[in-house]
Amino acid sequence: MTPETRAVLATAVEANSRVNDVLCAHLTPEMMRARTPGGGMTVAQHLAHMAGVTQEWLSLLDEGAASPLPILYEGTLWDTFTAQEDPARAAEVLREVWAAAFETTANAGGTGKLSHPSPAQFLLHMLTHDAHHRGQVLLALKVNGFPLPDEEALWGPLRGE
C-alpha cells in the first residue's frame with residue numbers, strides 16, 4: 001500500500017469511526033431495541049453486525065487479527081442473535097474493531113483468504129457496509145418514533161469537519 005493510499009484510508013476510517021461515535025452517543029438503551037420494518041434487526045443487532053462482520057472478514061485477511069477483539073452479541077451472527085444494548089459499549093467496540101481493521105489492512109502483505117483484489121478494497125467494502133447499516137439504524141429509529149441524530153454532527157466527519 002502506498003503512503004498516499006494509507007493516508008487516505010486512515011482519514012476515511014477515522015471519519016467512519018467518528019460517525020459511529022456520533023450515532024452511538026445519540027442512542028439510548030430503549031432505542032437499541034428499535035427494529036427495522038418487516039421484522040428486521042434491532043438497532044443493537046445492526047451495530048453488533050457491523051462490528052462482527054468486519055471482524056469476520058478481517059480474520060480472512062489475517063487469522064489472528066480478529067480473535068482478540070471483543071464482540072457485541074451472543075449466538076451466531078448470521079441468524080437470530082442477541083446483541084448487547086449499551087450504546088457506549090457499541091461505540092467502544094466499533095472503534096476498536098476499526099482500529100484493528102485499518103492497522104491489519106495497512107500492514108498486509110497480501111489478501112490472505114479474502115475474495116477482494118486488495119486489502120484496500122476490503123477496507124472500502126467494510127466502510128460501505130457500515131454506511132449501509134447506519135442507514136438501517138436511522139430507518140429503525142424513524143419508523144419507531146425516535147428522534148434522529150443531528151445531521152450536521154452525523155455527516156460532518158465525512159466532510160472533513
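**Core contacts and salt bridges in a predicted helical model**

Setting aside neighbours up to four places away in sequence, Leu27 is in contact with Met32, Val43, Leu47, Pro87 and Leu141. The model is predicted, and these contacts are computed from its atoms. Leu27 also stands out in the largest nonpolar core, which has 46 residues: Leu27, Val43, Leu47 and Leu58 touch the most other members. Two of the contacts of Leu27, Val43 and Leu47, are thus named in that group as well. Helices α1, α2 (29–32), α3, α4 and α5 each supply at least two residues of this core. The biggest share is that of α4, which gives ten residues. As a general background, nonpolar side chains in soluble globular proteins tend to be buried together.

Helix α1 is a useful next stop. It covers residues 3–26, 24 residues in total, and spans 35 Å from its first C-alpha to its last, close to the 34 Å expected at 1.5 Å a residue. Its buried residues are Leu9, Val13, Ala15, Asn16, Ser17, Val19, Asn20, Leu23 and Cys24. The cover over these buried residues includes α3 (43–61), α4 (87–106), α5 (119–143) and α6 (151–155). The list of buried positions in α1 contains Asn16, Ser17 and Asn20 along with Leu9, Val13 and Leu23. An α-helix has 3.6 residues a turn, so residues three or four places apart point the same way.

Charged pairs also connect α1 to α4. Side chains of opposite charge can pair when their charged atoms come close. Across the whole structure, a search finds nine salt bridges. One of them joins Glu103 and Arg6, with the closest N and O atoms 3.8 Å apart. Glu103 lies in helix α4 and Arg6 in helix α1, so this pair ties together parts that are 97 residues apart in sequence. Glu103 counts as partly exposed, because its relative accessibility is 38%. Arg6 is likewise partly exposed, at 30% relative accessibility.

A second bridge between these helices is formed by Arg95 and Glu14, whose closest N and O atoms are 3.2 Å apart. Here Arg95 is in helix α4 and Glu14 in helix α1, so the pair ties together parts 81 residues apart in sequence. Arg95 has a relative accessible area of 29% and is therefore partly exposed. Glu14, with a relative accessible area of 37%, is partly exposed too. The pair does not stand alone: Glu14, Asp21 and Arg95 are linked in a network of salt bridges.

Helix α5 holds a salt bridge in another setting. Asp130 pairs with Arg134, the closest N and O atoms being 4.0 Å apart. The two residues are four residues apart in helix α5, so about one helical turn separates them. Both Asp130 and Arg134 are buried.

Pro119 is also found in helix α5. With a relative accessible area of 14%, Pro119 is buried, because the cut-off for that label is under 20%. Not counting residues up to four places away in sequence, Pro119 touches Leu61, Thr105, Ala108, Gly110 and Thr111. Asn107 is twelve residues from Pro119 in sequence, and their C-alpha atoms are 9.1 Å apart in space.

Notes:
Residues are numbered from 1 along each chain as its sequence is written. This is a predicted model: local features need pLDDT of at least 70, side-chain atom pairs count only at pLDDT 80 or more; totals for chains, interfaces and linings use all residues. Side-chain values use heavy atoms; hydrogens and water are left out. The expected span of a helix is 1.5 Å times one less than its number of residues. Buried means under 20% relative accessible area, exposed over 50%, partly exposed in between (1.4 Å probe, protein chains only). Contact means heavy atoms within 4.5 Å. A salt bridge is a side-chain nitrogen of Lys or Arg within 4 Å of a carboxyl oxygen of Asp or Glu. A nonpolar core is a set of buried Ala, Val, Leu, Ile, Met, Phe, Trp, Tyr and Cys residues joined through side-chain atoms within 4.5 Å.
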